[in-house]
Amino acid sequence: MTTVYLRDVQEVGTHVLIVGVGSYPYLKGGASADPESKPTNMGQLTSASVSAKAVLDWFLRPLNEPDWKVGFHNPAAPLGSVEALISATTGPVTVTAPDSSAHAGGTEVVLESATLVHVRAALVRWLSRLNSVPDSTGIVYFCGHGVATTTLFLYCEDVLESAELPYANIFSLDATIWNLGKCAKSSHLHFWIDACRGEDPELLVREQKPPGLLDVNLMKSTVQQSCSVLYATGPGKQAFAKRGGESRFTTALLKALSGFSGSKSGNGGWCVQAHELAMSVKTLLIQQSQNKPTPQHCEVRESGVGVPFLYLKAPSQVALTLELEPEAKRPVGQIRVDALDMSMQDVHMCEVGIYTKHVPSGVYRLEARATDDSFAQTVLNFEVLSPPNYSRIFSV
Amino acid sequence: MKTIKVTLDYKSSDDSLSGKVADRARMSIPFPLQVLDLQGAVLAEGAVDSRQSVNINCDVHADVNQLLVRLLWPTGGTVTQVAEFGGKKVSEVVFSDNNVGPESWAKWSVSRRSSATSSHARKPIKELSPSLGKFKNVWVRLWRHEPSEGWHILSDLPCTQSEESDSLKQFDLELGRASYLLQLGGATMPFTFVSLPGGGPCRVLLTPNVVTDSKSLPLRIVVSGFRPEAEMLAEFLSRDSLQAARSLMADGKASKTVSPWNERDSMSAIVGAYMCLRTGNSLWTGAQGHKFEGFLSRNSWSADAALVGCVAQLREGLKKKADVVEVLDLLKASHQRGVPVFEEAHRLISEATTLLQSLYSISPDEQSKQVPLPNSLNEYKGVLAERQKLAAARAWTGLSFSFFGSTPDNPSPIKLKGAAPLIEDSWQQSGASRTASKGLMFSGSEGVSSLAGIPRVRSRKKSGFTYLKDL
């Protein structure tokens with residue numbers, strides 16, 4: 001079963017498709033791998049299912065726990081449906097479904113595996129729900145193997161199932177996206193792709209060109225309103241994850257989605273647009289990559305005129321870090337943080353350490369001073385603190 | 001309602017671009033701007049340049065005494081000023097470039113290469129300025145494309161003037177009406193082609209790149225064809241900063257100049273067309289259709305224009321099956337005219353080739369349901385393959401179309417480094433057609449990725465290139 005949630009009403013909504021492919025039976029280390037077959041060195045991904053499940057939980061938790069403060073919320077396009085396919089190295093993945101037309105609340109749903117046939121079928125259902133009401137939003141999350149030649153190809157669970165057609169169960173992400181643009185009426189589409197974009201010389205050598213998940217019809221016009229694609233890494237680069245844990249990109253994505261992105265809109269509410277999400281994820285990924293030998297930088301591609309896809313129940317947050325240097329001055333050092341809209345005021349004594357706090361995004365006055373006037377005051381009168389973080393060292 | 005009068009005093013930046021040429025006297029670099037409240041909410045957007053102040057109206061309560069005005073740079077850098085109202089309805093802010101960059105002749109490029117941020121106008125924009133010293137042996141070569149003859153190397157750079165400092169090198173070129181590629185390479189610099197705007201003066205600035213991300217090169221290459229409105233817009237588009245791009249186009253001057261219907265300047269018209277495609281504005285239907293035919297006809301030499309035409313038609317959907325030939329012909333024309341000038345073309349090449357590839361991917365029994373294949377299948381298949389190779393070799397240098405490779409005819413994602421390859425130009429040797437293949441040998445040095453299988457040639461002509469230190 002892939003439909004985890006379905007709200008059967010005819011109104012503008014947000015429809016989500018989540019695909020996590022960690023188990024590749026025909027790749028290296030897989031239960032059906034052919035040791036003689038060497039088209040690729042790729043193997044199992046212990047993090048993909050964990051990452052996909054985390055994203056799925058982020059969408060579903062507010063439905064299971066109404067008091068939960070973070071998670072998907074969009075009154076302009078409420079959650080309409082969630083399709084999920086996860087292939088895990090640890091076996092079938094089960095999720096507790098919220099109450100909806102698809103399942104009674106609390107039903108334990110076993111998710112289908114992410115074979116090409118299943119992924120295509122889930123995409124078709126997702127698309128038909130998008131098209132049932134124009135101006136809807138579609139979100140697709142994929143975590144699994146990816147390779148790039150001229151475009152990015154994503155691997156489904158059953159890649160290499162057939163020795164004669166080894167790449168039959170891969171699909172072209174770009175072809176899928178361009179084709180969806182011709183099918184998804186007046187919709188806003190978002191793709192979050194947690195996959196490597198390294199080159200696969202075998203694909204190049206074999207001149208394989210796997211198609212997209214949908215057939216192209218060149219007679220149709222492009223009908224989407226906007227499209228954003230957030231890649232976990234840059235062209236030709238790898239994406240990284242801890243074994244058995246969430247990937248770096250998904251960790252950054254979920255943190256950004258959970259309050260550390262977005263801004264105040266004209267009508268006073270706080271919301272997140274695709275470019276704001278991208279900016280936050282980019283910053284968080286850079287932060288994660290610091291001091292690591294394997295840096296990772298995400299990339300975004302946008303077109304059309306987008307709308308917010310997520311609304312926040314509280315102001316977006318900034319992880320604020322302020323330090324005083326040199327350390328010898330800290331016993332007499334004091335840092336003041338004042339929001340210019342008077343929403344918060346903080347005084348921090350530097351002798352206890354670095355000032356770290358999550359504060360609402362906005363404009364602040366930041367000050368470092370000496371309680372005994374032994375060094376000159378430093379004041380920043382109008383610092384704009386935007387998600388996801390802000391850090392500064394006051395050198396006195 | 002409160003009003004902020006915003007003045008941009010970036011005259012020295014404008015002057016660094018205008019130089020001594022009278023025609024350029026009217027140039028002014030525009031910047032998008034935002035007005036923020038004290039919670040960081042964007043209340044209003046607009047654009048400003050140094051020729052005239054703008055008044056930005058903000059729908060805020062009369063009690064509001066402070067708002068922020070933020071100037072946006074394509075690199076993501078920002079300059080922020082405070083608008084103090086003191087109980088009144090009107091305030092004024094002035095942005096000055098007095099503290100921007102020490103080299104006056106390079107000020108025009110700062111917003112396109114520095115991501116530094118200043119939260120107060122009086123604070124200098126602090127940039128890291130590493131030395132160009134380690135790049136002194138980077139070689140530079142200029143290629144020109146002739147429609148009937150293909151690519152050839154120019155023995156000398158048509159350099160009209162140059163400037164340099166420890167961290168910057170800038171030179172101006174005078175280019176004919178053709179497609180041009182500047183190729184750079186070296187021990188630390190992968191062989192990179194950067195498209196230059198032909199048909200007039202062109203400026204290139206080189207500086208070590210302090211940004212490290214997935215697409216940055218060791219050298220930052222900033223190109224100007226002296227079209228500030230179009231180039232600022234193209235820079236924002238190359239960084240997917242659509243909101244800033246739209247703010248820029250909200251300015252009446254910019255939107256008139258950077259319009260697909262601009263009949264006086266092709267480059268600006270092309271950038272205008274790219275903006276329309278990016279924001280989903282139709283170029284092909286209704287009243288625009290006739291005007292768009294004019295755009296294609298006026299720019300019949302441009303690889304960018306042909307590509308725009310191809311993708312615009314694909315997005316509109318083919319009206320009849322025979323139109324597929326027209327679309328394929330436009331892609332072929334784009335290929336025959338050299339390479340595009342703008343980075344935005346990479347997106348369109350990817351879109352066009354991905355969609356058109358489907359013509360060759362469907363099974364025979366499905367073909368009757370789709371568009372019939374043209375008889376000259378192989379010809380277009382070759383063009384598709386060539387364009388796909390170009391897309392796979394994509395490099396990124398900001399607004400300019402760039403790619404990796406050893407020669408323009410052989411784009412490749414493999415990043416070669418080393419000495420300038422010696423090109424045997426067999427036309428010059430034998431008097432045969434210039435489109436004969438070029439033998440390729442490296443002059444030989446450590447750390448050079450080799451091209452296995454390329455035959456040695458008996459006689460070689462050393463092709464023109466210049467080291468950065470000698471420019």
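In this predicted model, R387(B) has its place in helix α12 of chain B, the helix that covers residues 377-392. Although R387(B) is buried, it has no salt bridge, and the nearest side chain of opposite charge, that of E386(B), is 6.9 Å away, whereas a salt bridge would need a side-chain nitrogen of Lys or Arg within 4 Å of a carboxyl oxygen of Asp or Glu. Leaving aside residues up to four places away in sequence, R387(B) touches L331(B), S334(B), H335(B), G338(B), P340(B), I349(B) and T353(B).

One of these residues, L331(B), is also touched by L356(B), whose other contacts, again not counting residues up to four places away in sequence, are L218(A), C310(B), L314(B), V327(B), L328(B) and L384(B). The list thus includes a residue of chain A, L218(A), alongside residues of chain B.

L356(B) also belongs to the largest nonpolar core, a set of 103 residues in which I4(B), V6(B) and L356(B) are those with the most contacts inside it. Helix α6 of chain B, residues 266-279, gives the most to this core, contributing nine residues. A second core, separate from this one, has 48 residues, among them V4(A), L56(A), A97(A) and L312(A).

From these interiors the path leads to the surface of chain A, where V347(A), M349(A) and V352(A) make a nonpolar patch of about 260 Å². Of these residues, V352(A) lies in the loop between strands β18 (345-349) and β19 (355-360) of chain A. V352(A) counts as exposed because its relative accessible area is 66%, and the cut-off for that term is over 50%.

Terms used:
Residues numbered from 1 in each chain as written. Chains lettered and ligands numbered in written order. Predicted model: local features only at pLDDT ≥ 70, side-chain atom pairs only at ≥ 80, totals over all residues. Heavy atoms only, no water. Helix = DSSP H or I, 4+ residues; strand = E, 2+ residues; numbered from the N terminus. Buried < 20%, exposed > 50% of the residue type's maximum accessible area, 1.4 Å probe, protein only. Lys, Arg positive; Asp, Glu negative; His and termini not counted. Contact = heavy atoms within 4.5 Å. Core = buried A, V, L, I, M, F, W, Y, C linked by side-chain atoms within 4.5 Å. Patch = residues over 30% accessible without salt bridge, like charges linked within 9 Å, V, L, I, M, F, W, Y side chains within 5 Å. Areas by Shrake-Rupley, 256 points an atom, 1.4 Å probe, with all protein chains shown as cover.
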